[in-house]
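Grab a pencil and work through these exercises with the structure on your screen. Try each task yourself before you read its solution.

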Amino acid sequence: TDIPSAFFVLLALYLLVKKHFLWSGFASGLALLMRFPHGLIVFAAAAILLLPELRKGLGQYGRYLLGVGFTIIPFFIFNYFMYQQDTTALVAMIRPFILAAPHQGNLAEAAGPFFYLTLFLDNFLFLFALAGAFFYVRRKHFHLQSINAVFFTLAIYITYFSSITNKQLRF
């Protein structure tokens, strides 16, 4: 599920930059359904949509959220029917998220600095992402919409994965 979800995250970013908000939301929802941590793309998109060049009212938010809703509302409905006998309606709809949340804080699987070393040893191209972020800030490329989209997404993902206790490469 890692490669298809990463594809949908990149597709969502591309469509967001090209101002196809409905389709970007649809791709974001598919990424979320494949891997729950890729739901972070929704927060990255919210940050991107706050940029002055994209801020033209609430219409783009509505179209983006409509696209996300088209993909995740059937998921919520399915969960409601599957788990309604066990709990309340709202908890039944988001039960898979609730069951997944404790795994990110599992102290038995905390890897410490080994995680970061393994991350770069498995894919040395992550070093280019860090170099790109450094030059983005140093050269003040804040006016380029596509670079802002990539930077906000990178920042949100790094913040999330640095903050969880359970640092495994599968997350």
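**Exercise 1: Sorting residues by exposure**

Tyr 80 has a relative accessible area of 28%, so it counts as partly exposed. Keep in mind that you're looking at a predicted model.

Task: Sort Phe 75 into buried or exposed, then do the same for Phe 81.

Solution:
- Step 1. Get the cut-offs: under 20% is buried, over 50% is exposed, and anything in between is partly exposed.
- Step 2. Phe 75 comes out at 18%, so it goes in the buried pile.
- Step 3. Phe 81 has a relative accessibility of 54%, so it's exposed.

**Exercise 2: Aromatic pairs**

Task: How many aromatic pairs does the structure hold? Then name the geometry of Phe 75 with Phe 76 and of Tyr 80 with Phe 81.

Solution:
- Step 1. The count is 6 aromatic pairs.
- Step 2. The rings of Phe 75 and Phe 76 sit 5.9 Å apart, centre to centre, with 50° between their planes, and that pair is tilted.
- Step 3. For Tyr 80 and Phe 81 the centres are 5.3 Å apart and the planes meet at 70°, which makes this pair edge-to-face.
- Step 4. Now look for a cluster: ring pairs join Phe 36, Phe 75 and Phe 76.

**Exercise 3: Checking the length of a helix**

Task: Helix α4 covers residues 59–83; what span should you expect for its 25 residues, at 1.5 Å a residue?

Solution:
- Step 1. Multiply 1.5 Å by one less than the number of residues.
- Step 2. For α4 that gives 36 Å.
- Step 3. The end C-alpha atoms of α4 are 34 Å apart, so the model agrees with the expected span.
- Step 4. Look along α4 for a bend: there's one of about 35° at Phe 70, with Pro 74 following within four residues.

**Exercise 4: What covers α4?**

Task: Which residues of α4 are buried, and what covers them?

Solution:
- Step 1. The buried residues of α4 include Tyr 61, Tyr 64, Val 68, Ile 72, Phe 75 and Asn 79.
- Step 2. Think about spacing: an α-helix has 3.6 residues a turn, so residues three or four places apart point the same way.
- Step 3. Among the elements covering the buried residues of α4 are α1 (2–17), α2 (21–34) and α3 (40–49). The cover also includes α5 (89–93) and α6 (95–100).

**Exercise 5: The whole chain**

Task: How many helices and strands does the chain have, and what share of its residues is buried?

Solution:
- Step 1. You should find 9 helices and 0 strands.
- Step 2. Of the 171 residues in the chain, 32% are buried.
- Step 3. For the surface, the chain exposes about 10,400 Å², and carbon and sulfur atoms supply 74% of that.

Methods: Residues numbered from 1 in each chain as written. Predicted model: local features only at pLDDT ≥ 70, side-chain atom pairs only at ≥ 80, totals over all residues. Heavy atoms only, no water. Phe/Tyr/Trp six-rings, centres within 6.5 Å; stacked < 30°, edge-to-face > 60°. Buried < 20%, exposed > 50% of the residue type's maximum accessible area, 1.4 Å probe, protein only. Helix = DSSP H or I, 4+ residues; strand = E, 2+ residues; numbered from the N terminus. Bend = angle between axes of the 7 residues up to and from the residue. Contact = heavy atoms within 4.5 Å. Areas by Shrake-Rupley, 256 points an atom, 1.4 Å probe, with all protein chains shown as cover.
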